[in-house]
Structures are given as structure tokens and as C-alpha cells.
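Trainee: Could we go through this model together, one question at a time?
Mentor: Gladly, let's look at it side by side.

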Amino acid sequence: MKPHAFALTAVLALGTPGLLHAQDVNSQIIEQLQEQGFTEIRVTRTLLGRTRIQAESSSHEREIIINRRTGEILRDYWVTLG
């Protein structure tokens, strides 16, 4: 195996668990939102490459921003509909 191919394989192997963890966090958050009564849930990306989850229920709107690499929640904003 060529040295640069080995390095690329190592980087991909090391980077994958972080992405898998972030996807798992997204799934957990979506599941919790559904349990809390949020019915309209949209998952998009921000300009900075973060994951944005927007959810609506009959009484609230919510926006959650997540770091895709680490799964860290960077923002969790709620608005009560009046």
C-alpha cells in the first residue's frame, strides 16, 4: 500500500466514529422531539456545515444547531406560539 493511501485510510477510519456519533445524536434528538409532541421536524445544514433541526408543535417552535463532527448542541432556541 502506498504511504499516502495508508494515511488517507487512517484519516477516514478515525473520522468515521465521530460522524457516526453525530448521526446518533441527531436520531436521539429527533426521537425526543417526537415524544415531546413536535410533529413537523426538518433537518438541514447551516452555511457553516452544522446540522439545523427545526421543529414545530401546536404550541412551540424550536431550532437546534448541532456540531456535525462532535454531536455537541450549540444552540437550542424555543419560541412559544401565541
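**Strands, turns and core**

Mentor: Let's start at one end of the sheet: strand S3 (residues 60-66) and S4 run antiparallel, joined by seven bridges. Keep in mind that this is a predicted model.

Trainee: Which residue of S4 is the bridge partner of Glu63?
Mentor: Glu63 has its bridge partner in S4, and S4 covers residues 73-80. The partner there is Tyr77.

Trainee: Which residue takes a positive phi in the hairpin of S3 and S4?
Mentor: Six residues lie between the two strands of that hairpin. The phi in question is near 80 degrees, and the residue that takes it is Gly71.

Trainee: In what order do the strands of the sheet come?
Mentor: The sheet is open and has four strands, with antiparallel pairing. Strand S1 (40-45) and strand S4 are the edges, each pairing on one side only. From one strand to the next the twist averages 10 degrees. The order is S1-S2-S3-S4.

Trainee: How many bridges join S1 to strand S2?
Mentor: S2 spans residues 51-56, and it runs antiparallel to S1. Within this pair, Val43 stands opposite Ile53. The number of bridges joining the two strands is six.

Trainee: And which residue takes a positive phi in the hairpin of S1 and S2?
Mentor: That hairpin has five residues between its strands. The positive phi is near 85 degrees, and it belongs to Gly49.

Trainee: Does Thr46 count as buried or exposed?
Mentor: Thr46 sits in the loop between S1 and S2, where it touches Arg52 and Ile65, leaving aside residues up to four places away in sequence. The cut-off for buried is under 20% relative accessible area. Because Thr46 has a relative accessibility of 17%, it counts as buried.

Trainee: Which element supplies the largest share of the largest nonpolar core?
Mentor: This core has eight residues: Val25, Ile29, Leu33, Phe38, Ile53, Ala55, Ile64 and Ile66. H1, S2 and S3 each supply at least two of them. The largest share is three residues, and it comes from H1.

Trainee: Which residues of H1 does Ile53 touch, among its contacts?
Mentor: H1 covers residues 3-35, so we look for contacts of Ile53 that fall in that range, given that contact means heavy atoms within 4.5 Å. Leaving out residues up to four places away in sequence, Ile53 also touches residues such as Ile41, Arg62 and Ile64. From H1 the contacts are Asn26, Ile29, Ile30 and Leu33.

Trainee: In what order do the elements run from the N terminus on?
Mentor: The chain has one helix and four strands. Starting from the N terminus, the order is α-β-β-β-β.

Trainee: What percentage of the residues count as buried?
Mentor: The accessible surface of the chain comes to about 6,000 Å², and 56% of that belongs to carbon and sulfur atoms. Of the 82 residues, the share that counts as buried is 22%.

Trainee: Where is confidence lowest, and at what mean?
Mentor: The chain averages a pLDDT of 80, with 72% of the residues at 70 or above. Over residues 1-16 pLDDT stays under 50, and the model has one contact beyond four places in sequence for that stretch. Confidence is highest in S2, at 96, and lowest in helix H1, at a mean of 63.

Notes. Residues are numbered from 1 along each chain as its sequence is written. This is a predicted model: local features need pLDDT of at least 70, side-chain atom pairs count only at pLDDT 80 or more; totals for chains, interfaces and linings use all residues. Side-chain values use heavy atoms; hydrogens and water are left out. Two strands pair if DSSP finds at least two bridges between them. Axes are lines fitted to C-alpha atoms, for helices over the stretch in contact, and angles run from 0 to 180 degrees between N-to-C directions. Buried means under 20% relative accessible area, exposed over 50%, partly exposed in between (1.4 Å probe, protein chains only). Accessible areas come from the Shrake-Rupley method with a 1.4 Å probe; for residues, only the protein chains shown count as cover. pLDDT is the predictor's confidence in each residue, from 0 to 100. A nonpolar core is a set of buried Ala, Val, Leu, Ile, Met, Phe, Trp, Tyr and Cys residues joined through side-chain atoms within 4.5 Å.
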